[in-house]
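Work through the exercises below with the sequence and the model open. Try each task before reading its solution.

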Amino acid sequence: MKGGTKTKFIGEAISRIDGILKVTGTANYSTDFQIKNIAYGFLIKSTTAAGTFDIDTSAAEKAPGVIAVVSYKNAPKLTGAGNLKGGVVFQEPKVDFYGQHIAVVVAGTFEQARYAARLVKVNYQKTDAVTDFVKNMDKAVAPKQNRSQARGDFEAAFSSAEHKIDQTYETPIEHHNPMEPHATIADWDGDNVTLYNASQGVDGAQNAVATCFGLKADNVRIISPHVGGGFGSKGQTWPNAVIAAIAAKVAKRPVKLALTRQNMFTSVGLRQHDVQRMRIATDANGKITAIGHETTTHTATTGEFVEGCGGLSSMMYDAANAKIEYRVLPMNIILPTYQRAPGESTGSFALESAMDEIAYELKLDPVEFRLKNISMIDPSNRKPFSTRATEAALKKGLEMFGWSRRKREPRQNRSGDYLIGYGVAAGSYPSRQNATSTMVKLTRNGSDVTASIELAASDIGTGTYTIVAQTAAETLGLRFDKVGVKLGDTTLPKAANSGGSVGAASFCNAVSEACIKATTELQAKTNRQWFKKP
């Protein structure tokens with residue numbers, strides 16, 4: 001505190017900058033922008049999983065309000081897919097998975113577009129499709145991007161161990177369904193296109209659209225000031241955004257294309273069905289001697305994505321012998337993708353379940369067993385952890401939960417008519433940063449100084465506006481209300497995606513460095529304190 005005014009903001013409880021906008025409904029999400037002469041798109045999706053098709057749009061084209069029906073027959077030719085997830089669309093009459101986008105109706109109102117979509121007739125020439133994962137698991141192969149790891153001699157250590165378990169765990173397909181479905185407004189001006197697009201990374205969306213249309217990145221502007229959740233699905237650009245741009249180009253007017261809740265299940269990826277075989281072996285004292293983690297999963301026939309389920313098994317517990325392997329089955333379903341904590345969440349479920357199984361086999365307390373096998377050296381690379389709080393967290397949990405008072409046998413802990421369950425699990429996630437730049441603009445009017453912080457970051461509902469302002473206010477020594485923040489626009493300095501837990505560290509470190517540099521340079525130029533601190 002200086003002069004009775006608060007100067008510490010980082011880590012403090014502060015009302016969110018965007019709070020009033022959101023609770024009053026005035027925050028602009030992707031489809032909230034008021035664009036003149038806008039038309040509406042409604043998707044037509046395949047109802048078969050593999051084959052080719054003929055499409056008859058004549059009845060739909062005659063329906064009231066219809067401006068265009070766009071398919072492979074009249075869509076502009078795209079120049080490439082780049083980083084577009086799932087590849088280009090509307091280029092050929094071919095189906096690779098159920099729910100694939102095959103056409104879009106553009107009309108003056110959403111209701112007209114939706115009605116006309118029912119009039120489109122599609123005739124399929126079906127081919128054999130692989131849609132049953134369990135039935136076809138034996139056909140899985142090593143992935144092209146192989147993440148397999150090995151150290152020591154796992155098979156020998158496992159076969160000779162005094163205690164061991166061999167268990168298989170499954171996690172089901174999960175779908176992204178954030179509060180705000182994926183949605184885009186596309187507006188062309190000559191060879192320039194602006195997309196108001198729900199995105200966790202506006203620069204990636206810019207590159208995807210530019211590549212598809214053979215444009216320079218500067219010809220594509222992505223605007224995404226607020227994002228209603230993403231959980232990984234908005235970290236990449238999916239074909240619906242490009243379809244909005246295609247539809248706007250054909251219709252020669254702006255087009256709004258918002259996925260329905262039903263569309264979300266077959267449009268923007270999914271977390272795949274994982275079958276994970278866990279093998280853990282120990283000596284007589286409960287020291288782990290071998291860990292095996294084998295994941296079998298599926299991907300699309302048109303591309304490959306494999307969730308890194310075995311990542312934690314390679315480093316979470318100390319084991320001299322380890323084998324982490326993956327097998328993947330191409331199927332006629334949409335390409336899987338990142339979903340919150342990709343690999344770490346599903347992988348830790350299997351690993352921690354197996355840790356409980358072997359602890360039970362050993363008749364060891366599951367917390368004691370974990371503590372016995374934690375190391376400050378990463379066993380996957382033999383490098384020391386800079387910090388590791390797992391042991392302290394487990395011991396604190398013992399104290400807080402009254403762990404020692406529980407009965408160890410299942411179904412023995414009761415409170416009145418209720419059975420009380422006790423369990424323990426540990427986890428980890430990488431601490432990373434990605435390249436981020438920012439612009440700090442300082443304005444002085446007499447003794448009053450204000451700051452504007454600008455960067456092409458996204459706020460996916462996690463408070464990016466606020467933490468950036470907190471960082472700048474404290475670093476500059478300004479009051480919190482003297483700092484403004486601009487985000488979510490490709491005309492701003494390039495920034496990291498809001499995904500993989502890189503956002504806060506990347507954004508705030510860049511902002512802090514820029515603010516320090518600004519004050520240092522100004523003070524050096526004026527050789528005096530350039531503004532009065534509050």
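## Exercise 1: the three-stranded sheet

I55 has V122 as its bridge partner in β6. The model is predicted: local features need pLDDT of at least 70, side-chain atom pairs count only at pLDDT 80 or more, and totals for chains, interfaces and linings use all residues. Residues are numbered from 1 along each chain as its sequence is written, and side-chain values use heavy atoms, with hydrogens and water left out.

Task: place this pair in its sheet, and state which strands stand at the edges.

Step 1. Strands are DSSP runs of E with at least two residues, helices are runs of H or I with at least four, and both are numbered from the N terminus. Two strands pair if DSSP finds at least two bridges between them.

Step 2. Strand β2 (residues 51–56) pairs with β6 over 6 bridges, in the antiparallel sense.

Step 3. The open sheet has 3 strands in the order β4-β2-β6, with antiparallel pairing. β4 (94–95) and β6 (121–126) are at the edges; each has a single partner strand, so one side of each lacks a neighbour in the sheet.

## Exercise 2: the seven-stranded sheet

Task: give the strand order, then find which helix packs on β9, β10 and β11.

Step 1. The order is β3-β5-β1-β12-β9-β10-β11, an open sheet of 7 strands with mixed pairing. β3 (66–70) and β11 (220–223) are the edges; each has a single partner strand, so one side of each is left without a neighbour in the sheet. Neighbouring strands are turned by 20° against each other on average, direction ignored.

Step 2. Helix α6 (residues 202–213) packs on this sheet, touching β9 (183–189), β10 (192–197) and β11. Contact means heavy atoms within 4.5 Å. The direction of α6 makes about 145° with that of β11. Axes are lines fitted to C-alpha atoms, for helices over the stretch in contact, and angles run from 0 to 180 degrees between N-to-C directions.

Step 3. Helix α7 (residues 239–251) lies across β1, β3, β5, β9, β10 and β12 (255–258), at about 35° to β9.

## Exercise 3: the partners of β5

Task: which residues of β5 face F42 and V66?

Step 1. β1 (residues 39–45) and β5 (residues 101–107) run antiparallel, joined by 6 bridges. F42 stands opposite V105.

Step 2. β3 pairs with β5 over 4 bridges, also antiparallel. V66 has A107 as its bridge partner.

Step 3. In β3, 4 of the 5 residues are buried (under 20% relative accessible area, exposed being over 50% and partly exposed in between, with a 1.4 Å probe and protein chains only).
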